[in-house]
Amino acid sequence: MYKPEIFIETPRLLLRQWHINDIPVYCALNLDPVVMEFFPSVTGETASREHAEKIQKMISQKGYGLFAVERKDSGSFIGFTGLSHPSFKAPFTPCTEIGWRLAKEHWGNGFATEAAKAVLQFAFNKLNFTEILSFTATLNKRSENIMQKTGMQKKENFLHPSLPNGHRLQEHVLYSIQNNNRT
């Protein structure tokens, strides 16, 4: 039986490479309008599968990415948390971003914060990144709350360049955290 490589372990979670069995759950969570409330639209199965393949490839090539999050108590894949590089142009890009997306039945348990804190430690202690950013629509107070709980500081608001003027999600908030371990 294939055991995906584990990159990070927390008290309750494994952050690991993706497994083929994760894909149907990922497709379902991307089709959930509650999970995708602060994205322009839900993501269909084909695009979700392509995204998962892209994530797997990045992790294999770079040793980091949007790690699959697995609960230790149940062995369930519950979503992702990890690092990526936004493809849009903004005054703060190029950059490394931390992001997360969990199935809604796992919200409210502190899993996203636990995973995000572990990813930040990994980014700073293992990968030696100097700064990690995170951003979301200003309406997404749940994600902004996670950013604050990880110790990130608000930098500014910006208009997401991939969204049309006047779109309800265009205004975003940008957070940052610095690597205090670097000399």
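Against which elements do the buried residues of helix 2 pack? In this predicted model, the buried residues of helix 2 pack against strand 1 (6-9), helix 1 (22-30), strand 3 (66-71) and strand 4 (77-84). The buried positions of helix 2 are Ser48, Ala52, Ile55, Met58 and Ile59. Viewed down the helix axis, these buried residues fall within an arc of 125 degrees, so they line one face of helix 2. Thr46, Glu53, Lys54, Lys57, Ser60 and Gln61, on the other side of helix 2, are exposed. The length of the helix is consistent with its residue count: at 1.5 Å a residue, the 18 residues of helix 2 (residues 45-62) should span 26 Å, and the end C-alpha atoms are indeed 26 Å apart. Just after helix 2, Gly63 adopts a positive phi of about 80 degrees.

Two further backbone features occur in loops. Most residues other than glycine have a negative phi, and most peptide bonds are trans. Thr93 and Pro94, however, are joined by a cis peptide bond, with omega about 0 degrees; Pro94 is placed in the loop between strand 4 and strand 5 (97-102). Asn128, although not a glycine, has a positive phi of about 60 degrees. Asn128 belongs to the loop between helix 3 (111-125) and strand 6 (131-137) and is partly exposed, with a relative accessible area of 44%.

Glu144 is located in helix 4 (residues 141-149). With a relative accessible area of 9%, Glu144 is buried. Apart from residues up to four places away in sequence, Glu144 touches Thr136, Thr138, Val173 and Tyr175.

Note on methods
Residues numbered from 1 in each chain as written. Predicted model: local features only at pLDDT ≥ 70, side-chain atom pairs only at ≥ 80, totals over all residues. Heavy atoms only, no water. Helix = DSSP H or I, 4+ residues; strand = E, 2+ residues; numbered from the N terminus. Buried < 20%, exposed > 50% of the residue type's maximum accessible area, 1.4 Å probe, protein only. Contact = heavy atoms within 4.5 Å. Expected span 1.5 Å × (residues − 1). Arc of directions from axis to C-beta.
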